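Welcome! Here is a short tour of a structure that may be new to you, starting with its annotation and ending at its core.

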Amino acid sequence: MRAAVITQLNSPWEFKELADPVAGPGQVVVRIQACGMCFSDVLVHRGHWPVQLPIVPGHEPVGEVVELGPGVTTLRVGDRVGVSWMQRGEGRCVHCQSGRPVRCEHTQTWMDLGGGYADLMLAWESGCTLLPEGLSYTDAAVAFCAGFTSMSGLRNADPRPGERVCVLGVGGLGHMAVQLAAAIGLETVVLTTSPDKAEYARELGATEGVVVDGDPGKALAEAGGADIILATTTSADQVAKVLSGLRYGGRLVTMGVTGPLQVEDMMTLLFKQCSIKGSTHNNRSDLVEVLTLMAQGKVVPRVEKYPMAEINEVLKRVEAGQVRYRAVLEHD
Ligand SMILES: [Zn+2]
Ligand SMILES: [Zn+2]
């Protein structure tokens, strides 16, 4: 098979001919149709993830099951599936035993088996999720990272009917988060620094798109505040400041900040009894919920499509933050 391989960090990925994978017990081989790319790929490329080189990257893969290993019972040859980042726990820890392998410290990922920028990919049966009928491979690829992250963020905020959601930042995650919040019937206000994106957010279902020029917390409070803030930006400063826009009992969920977060407004946290929570891919039901909403046409990602051969150019676009709003590599 042909695959894009990272042989050296900070260097272009190389296309190589590799041996076809063979499915072991509990595993399947997926013929990849599309694989999304996000900033996590840049972090891998730059050495911020503990990967063993050489490695085939690609953690947003979708395709067709072409081979079943011994003991596979839930998948069939010909199934359309996507493969999650976290595929299988080691089975014996308290998280695995309580049905949450995603929390397992020894979860198997694409870093163990190889990723999706290849003709064929090896995956654990338990890491594959069936795609609903009618959903394109390209759109489905977005569900397996940006969609999954956004939905888990929303569910982690424990939204209740009638609550108001604020989405901070309209990028790959944010443009999904707006649609997901609107799709489950929540009033949604969007904060962005770009007038274009504020307009676009309204097209996506936001009731209000606020252009922030300065303090996002003040802007949110002036726009009526929110019970839930889904912070999709990577800016720790913006996330720390937006907190003061929360209503009583509000929840701020951050999905993009990886550096230190310095909260200045502890008074809001204390007296309004608010909370800050981090979130990433969580319950598998969140992923299935996104796929269902997408298949119903209630959530539609905006995708830049590229042939697999342009992978290094796409990586540069993702790193430079130029993608609107999600990049997906497709096989011919
Ligand atoms: Zn991703
Ligand atoms: Zn475990």
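In the UniProt record, an unreviewed entry, the feature "domain: Enoyl reductase (ER)" is placed at residues 8-329; UniProt positions follow the numbering used here, feature names are shortened, and annotations may be inferred rather than shown by experiment. The model is a predicted one, where local features need pLDDT of at least 70, side-chain atom pairs count only at pLDDT 80 or more, and totals for chains, interfaces and linings use all residues. Residues are numbered from 1 along each chain as its sequence is written, while chains are lettered from A and ligands numbered from 1 in the order in which they are written.

Across residues 8-329 the chain is 30% helix and 26% strand. Helices (H or I, at least four residues) and strands (E, at least two) are DSSP runs, numbered from the N terminus.

The protein also has two domains, with bounds from an automatic or database domain assignment:

| Domain | Residues |
|---|---|
| Domain 1 | 2-130 + 302-330 |
| Domain 2 | 148-278 |

Their C-alpha centres lie 29 Å apart.

Now for the core. The largest nonpolar core (buried Ala, Val, Leu, Ile, Met, Phe, Trp, Tyr and Cys residues joined through C-beta atoms within 7 Å) has 95 residues. Buried means that 20 or more other C-beta atoms, placed from the backbone, lie within 10 Å of a residue's own; exposed means 12 or fewer, and partly exposed is in between. Helix 4 (residues 137-156) gives the most to this core, with 11 residues. Both domain 1 and domain 2 contribute residues, so the core lies between them.

Gln 296, in the loop between helix 10 (284-295) and strand 16 (303-307), is exposed, with 12 other C-beta atoms within 10 Å.
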